[in-house]
Amino acid sequence: MIEDKTEPIEVRGVSKRRRVWAWIFASLLIAVVVLGVIGGVMLRRAGPILKGRVIETLSARFNSRVEMDGFEVSVVKGLEVSGKGLRIFPQDEVVAAGATEPLISLGHFSFHADWNGLFEKPMRVGTVHVTGMTIHIPPREMRAQAPKGRRHLGRIRIVVDEIVFEDSKLVIGTLKPDKEPLDFEMSRITMRNVGPTKPWEYDATLVNATPKGDIHTNGTFGPWNNDSPGDSAVTGRYVFDHADLNTIKGIGGILSSVGEFTGQLNEIVVDGTTETPDFSLDTANHAMRLHTKFHAVVDGTNGDTYLQPVEARLGESDFSCQGAVINVKGKGHNINLDVTVPNGRIQDFLQLGVKTTPVVMTGRLSMKTKLHIPPGKDSVTRKIGLKGGFTLRQIHFTNPEVEDKVDMLSLRAQGDAKDAKPGAEDVHSQMAGQFVLGGGKLTFSKLDYTLPGATVALTGEYSLDGDQFEFAGKMRTDAKVSQMVASRWKSLLLKPVDPFFKKDGAGAVIPVKISGTKSAPKFGLDLHHKEK
């Protein structure tokens, strides 16, 4: 009987353990089902949750309406988020004032986040990748319509450590009918520490169309000014290497530039230097070293640039200029500069602009002139205009025959005709005048040429291509006409005409002309002069 009672007890123990395990497995199954249901719900809810966070964060950050065309979430490796057609609009008052473009538009964006990010407040994201971004800053007049300091409802739901932009563009609009919007192409930008209240660190590569080349820059941007985006602060340093000046018609060379800038998008102050070891103009195609150091203010509302000033060195000649480069809608740029050469070498400027080799003369140049280059598709050298005055000192003509004629003229004008022979000692002469350069031609309204014993007052013109050289005027000499010839009997024959040329205290006043080419000018009497 005892054995019969023991066996059912063991059976009952086994059955009880089975029921316990059954309950455990059932509970686990229920838990898995519940988690599956929760996971499914979370999967279905992750997209709307994240989309809502993105829109709310951007809406609060930019104080603007936000729209998005597409948004996807993948859970293969955490949360893989992507979107397209994201648009951030200007404030309603700015839109009412006529703004039609989104303030910011993104072609595509993507980022990765951990699952626990759904439960973080705010959610932290490491890197966001963006392609095809356009920032369109409305004209200042439209931005002025927006009320200052108004905050949009919502909170910052997502914090981003870094944003990488590919193929982006910044456009600053204008309402001025004669201005083009300012357009910056940016091939790549990396922004770090992208917070709502502090400046963002950036590293960017900008595409410069004219002269063609890439500008690498880094610095800080922001914080973003919701009320007036154009007033958002920007600072940085830039490097512009291998800029091809041949993309500007009429100019040649490879330019490099470094510098730094600060200000707002509307107005940027730039300080920098440029180096062009092979600068040239197509009138001569002679490569010259050109160095500049500049201070400039760029008006971001229209692209106008004000040079204040530029200190430059061409070859071995220093000069400075200041003025404005004005953007003209549909045409290009209108350049107006005041140029000052305190004590340069005339040969440096002749070598740059004139084909003749060697240059026609050497000497020291002082000059003040106004430079104007109008917009248009013509070569810079055909468009360029100069108007001003100059002084040339210590002039020496590089052509020995020309210098001999000048030396002999000086001796004759001093009454020392016997020594007026080829090979005479060189004299240094001086020239001063008023001129206008335009259409490839240099015109002198006044040209005074002084050398020992004589002063020549001329007017005339010559072309930069060397085909035209024509001057006429009067020469005043210390000696009389009869004293300018070496032969005694010729001197006696000329004595009767001395009174006809003796005027205003000069030994003689003689009408003269100079013609020929720059490298081989011809000197002679102007027998058809009205006062002969």
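Which residues of α4 are buried? In this predicted model, helix α4 spans residues 346-353 and is mostly covered, with six of its eight residues buried. The buried residues are I346, Q347, D348, L350, L352 and G353.

The protein chain as a whole contains eight helices and 26 strands. Of its 532 residues, 43% are buried. Among contacts with a separation of 6 or more, 53% join residues that lie 24 or more positions apart. The surface exposed by the protein chain amounts to about 28,700 Å², and 57% of this area is supplied by carbon and sulfur atoms.

The largest nonpolar core has 111 residues. Within this core, the residues that touch the most other members are I104, F109 and F390. Strand β7, which covers residues 158-172, gives the most to the core, contributing six residues. The surroundings of I104 can be listed in more detail. When neighbours within four places in sequence are set aside, I104 is in contact with F62, L86, R87, I88, M133, T134, I135 and W224.

A second helix, α6, runs over residues 400-413 and has 14 residues. From its first C-alpha to its last, α6 reaches 20 Å, which is close to the 20 Å expected at 1.5 Å a residue. At the start of this helix, a side-chain oxygen of N399 comes to within 2.9 Å of the backbone nitrogen of E401. The buried residues of α6 are V402, E403, D404, V406, D407, M408, S410, L411 and A413. The helix is followed by G415, which has a positive phi, near 85°.

Strand β19 is formed by residues 361-373 and includes T369. T369 has a relative accessible area of 5%. Because the cut-off for a buried residue is under 20%, T369 counts as buried. A polar atom of the T369 side chain lies 3.1 Å from the backbone oxygen of K387. K387 is also one of the residues that T369 touches once residues up to four places away in sequence are left out; the others are L337, D338, V339, L386, G388 and F435.

Two cis peptide bonds are described here, each leading into a proline. The bond from G222 to P223 is cis, with omega near 5°. P223 is placed in the loop between β10 (213-221) and β11 (233-244). The bond from Q308 to P309 is also cis, with omega near -10°. P309, in contrast to a loop position, lies in strand β16, which is made of residues 305-314.

Positive phi values also occur in residues other than glycine. Q394 has a phi near 55° and is found in strand β20, residues 385-397. With a relative accessible area of 48%, Q394 is partly exposed. D504, which is not a glycine, has a positive phi of about 50°. D504 lies in the loop between α8 (498-501) and β25 (508-516). Its relative accessibility is 69%, so D504 counts as exposed.

Methods
Residues numbered from 1 in each chain as written. Predicted model: local features only at pLDDT ≥ 70, side-chain atom pairs only at ≥ 80, totals over all residues. Heavy atoms only, no water. Helix = DSSP H or I, 4+ residues; strand = E, 2+ residues; numbered from the N terminus. Expected span 1.5 Å × (residues − 1). Buried < 20%, exposed > 50% of the residue type's maximum accessible area, 1.4 Å probe, protein only. Polar contact = N/O pair within 3.5 Å; in protein donor to acceptor, adjacent residues only side chain to side chain. Contact = heavy atoms within 4.5 Å. Areas by Shrake-Rupley, 256 points an atom, 1.4 Å probe, with all protein chains shown as cover. Core = buried A, V, L, I, M, F, W, Y, C linked by side-chain atoms within 4.5 Å.
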